Structure formats: C-alpha cells, structure tokens
Amino acid sequence: MSDYFWVSDLPEGRCEYKFTWSPKQLELEEKGIKFPNPIKLELQCCRQGFEVACTGNVSTKVEAQCVRCLENFEIDVNEPLSFSVRLGLGAKSVISLWTEDIVSVERFSGKIDIKPRIRDAVLLGIPNYPVCHENCLGLCPVCGVNLNKAQCEHSKRKAKSRDPRWQKLSALLKRKIEEE
Ligand SMILES: [Zn+2]
Ligand SMILES: [Zn+2]
C-alpha cells in the first residue's frame, strides 16, 4: 500500500477506493491501545474537473478495558470522513493543512498523505471512558469482586436496604444480565 493517495490520477466521475493500514503504519501502537485488526478506509470519490469530493468510513476494532469492571473487551470503531480536494497549479503536493476539509494539490502530480487524517479519525472513535455494557455493575468498592460475575456480602446487603419498590426492578435487571 502506497503511503500517498494520488488524487491527480483520479478519473473523471465516481470511483471507490479501499485502503488498509496496520496500526504500526498509522503510528497508533505507541498510544498504548491494542488494535487486533488492521485499519480500513472505504472512500468514495467524485471528480469533476479540478474538484474532487471524497466521503468515506474508517473502521477497525480496539481492545479496551471497561472503566467499571476492568475487564477487557473489543470496541468497533466506525468514523465517517469527508473532505474535498482542489487540483490547482503550483500547489504543494503533500499537504500538511489537514485542519481544513479542503485540500489543495498540484494538478499533474498531486498526492496527499492521508494517514494522519485516518489516525485522527481512529483516535476520535475511541471512547474516553469505555464501558463493556451499559448495565455493567462494576466492582464492589469494598472487596473488589466483579459484580457482573458474582455477588458478595456487600452487594447483597446493599440490595436488602433498598426501597422495596426497586427490588422487583433490580431482580429483573439481574436476570437480564445473567441471561446475556
Ligand atoms: Zn464492565
Ligand atoms: Zn464486596
């Protein structure tokens, strides 16, 4: 896989491209996040003369640790991406101005380094506080037992002291978690 996306070679009209990078190629490994799969980009481009509109989707999986129960689990990352390219004379061929969604490249030999943008999209798609399941019960603050897997004396006592009107609901919830 070439490091660059050769925008000036694009044919007139619509076309689709698929890119795949390893986490290492995108310099994602140093972030301390585990990527079990490669990072994929599916890009639809539409060229009309000197204008190219690109939309796509960045996808991969990351291995994360639940902030409540500290178990590892996988998160699907799916981030939309869109930008447009203007092919002009004399523009710099490798663009560093990715802060804007419009990129200018040289008309006859224009290429863009798309990797930093993909890297940003992946990092944006990773939640800051990953939770394995919205009903994750976390760890017991007293003895540290994983309450999704087991009960301890502290969690039982807490359940007893609850308002009886809530007990039916928590029993239902517990059954739901056990089923899953
Ligand atoms: Zn959890
Ligand atoms: Zn406990």
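Colleague: Hi! Let's start with helix 1: which of its residues are buried?

Modeller: Hello! In this predicted model, the buried residues of helix 1 are Ile-118, Ala-121 and Val-122. Looking down the axis of helix 1, you find these residues within an arc of 100°, so they line one face of the helix.

Colleague: Why would residues a few places apart end up pointing the same way?

Modeller: An α-helix has 3.6 residues a turn, so residues three or four places apart point the same way.

Colleague: Nice. What do the buried residues of helix 1 pack against?

Modeller: They pack against strand 1, strand 2, strand 3 and strand 4.

Colleague: Let's zoom in on Ile-118. Which residues is Ile-118 in contact with, leaving aside its neighbours within four places in sequence?

Modeller: Its partners are Trp-21, Leu-26, Ile-39, Leu-41 and Val-58.

Colleague: And the largest nonpolar core, how many residues does that have?

Modeller: It has 22 residues. Val-7, Val-85, Ile-112, Ile-118 and Val-122 have the most contacts inside it. At least two core residues come from each of strand 2 (39-48), strand 3 (51-65), strand 4 (72-88), strand 5 (102-106) and helix 1 (115-124).

Colleague: Which strand gives the most to this core?

Modeller: That is strand 3, with four residues. As a general background point, nonpolar side chains tend to be buried together in soluble globular proteins.

Colleague: New topic: the sheet. What is the order of its strands?

Modeller: The order is 1-2-3-4-5, in an open sheet of five strands with mixed pairing. Strand 1 and strand 5 are the edge strands, and each of them pairs on one side only. On average, neighbouring strands of the sheet are turned by 25° against each other, ignoring direction.

Colleague: Can you walk me along it, starting from strand 1?

Modeller: Sure! Strand 1 (residues 13-21) and strand 2 run antiparallel and are joined by nine bridges. In that pairing, Arg-14 sits opposite Cys-46. Strand 2 and strand 3 also run antiparallel, again with nine bridges. Here Gln-44 faces Thr-55, and Cys-45 stands opposite Cys-54.

Colleague: How many residues lie between strand 2 and strand 3?

Modeller: Two residues, and the two strands form a hairpin. In that turn, Gly-49 has a positive phi of about 65°.

Colleague: What comes after strand 3?

Modeller: Strand 3 and strand 4 are antiparallel, with 15 bridges joining them. Val-52 is opposite Val-85 in strand 4, and Val-85 is also among the residues with the most contacts inside the largest nonpolar core. The hairpin of strand 3 and strand 4 has six residues between the strands, and Leu-70 takes a positive phi near 65° there.

Colleague: Then strand 4 and strand 5: parallel or antiparallel?

Modeller: They pair in the parallel sense, over five bridges. Leu-87 has Val-105 in strand 5 as its bridge partner.

Colleague: How does helix 1 sit relative to strand 4?

Modeller: Helix 1 packs on the sheet, and its direction makes about 145° with that of strand 4.

Colleague: Let's jump to Tyr-129. Where is Tyr-129, and is it buried or exposed?

Modeller: Tyr-129 is in the loop between helix 1 and helix 2 (153-160). It counts as exposed because it has 8 C-beta neighbours inside 10 Å. Tyr-129 is 63 residues from Cys-66 in sequence, with 7.6 Å between their C-alpha atoms in space.

Colleague: Now the big picture. How many helices and strands are there?

Modeller: The protein has three helices and five strands. Along the sequence, the pattern is β-β-β-β-β-α-α-α. Of its 180 residues, 16% count as buried.

Colleague: Last thing: where is confidence highest and where is it lowest?

Modeller: Strand 2 is highest, at a mean of 94, and helix 3 (residues 164-179) is lowest, at a mean of 68. For the whole protein the mean pLDDT is 82, and 81% of the residues reach 70 or more.

Colleague: And where does pLDDT stay under 50?

Modeller: Over residues 93-97, where the model has twelve contacts beyond four places in sequence. Where pLDDT is low, the predicted coordinates should not be read in detail.

Methods. Residues numbered from 1 in each chain as written. Chains lettered and ligands numbered in written order. Predicted model: local features only at pLDDT ≥ 70, side-chain atom pairs only at ≥ 80, totals over all residues. Core = buried A, V, L, I, M, F, W, Y, C linked by C-beta atoms within 7 Å. Buried ≥ 20, exposed ≤ 12 C-beta atoms within 10 Å, placed from the backbone. Contact = placed C-beta atoms within 7 Å. Pairing = 2+ DSSP bridges. Arc of directions from axis to C-beta. Axes fitted to C-alpha atoms, helices over the stretch in contact; angles between N-to-C directions. pLDDT = per-residue confidence, 0-100.
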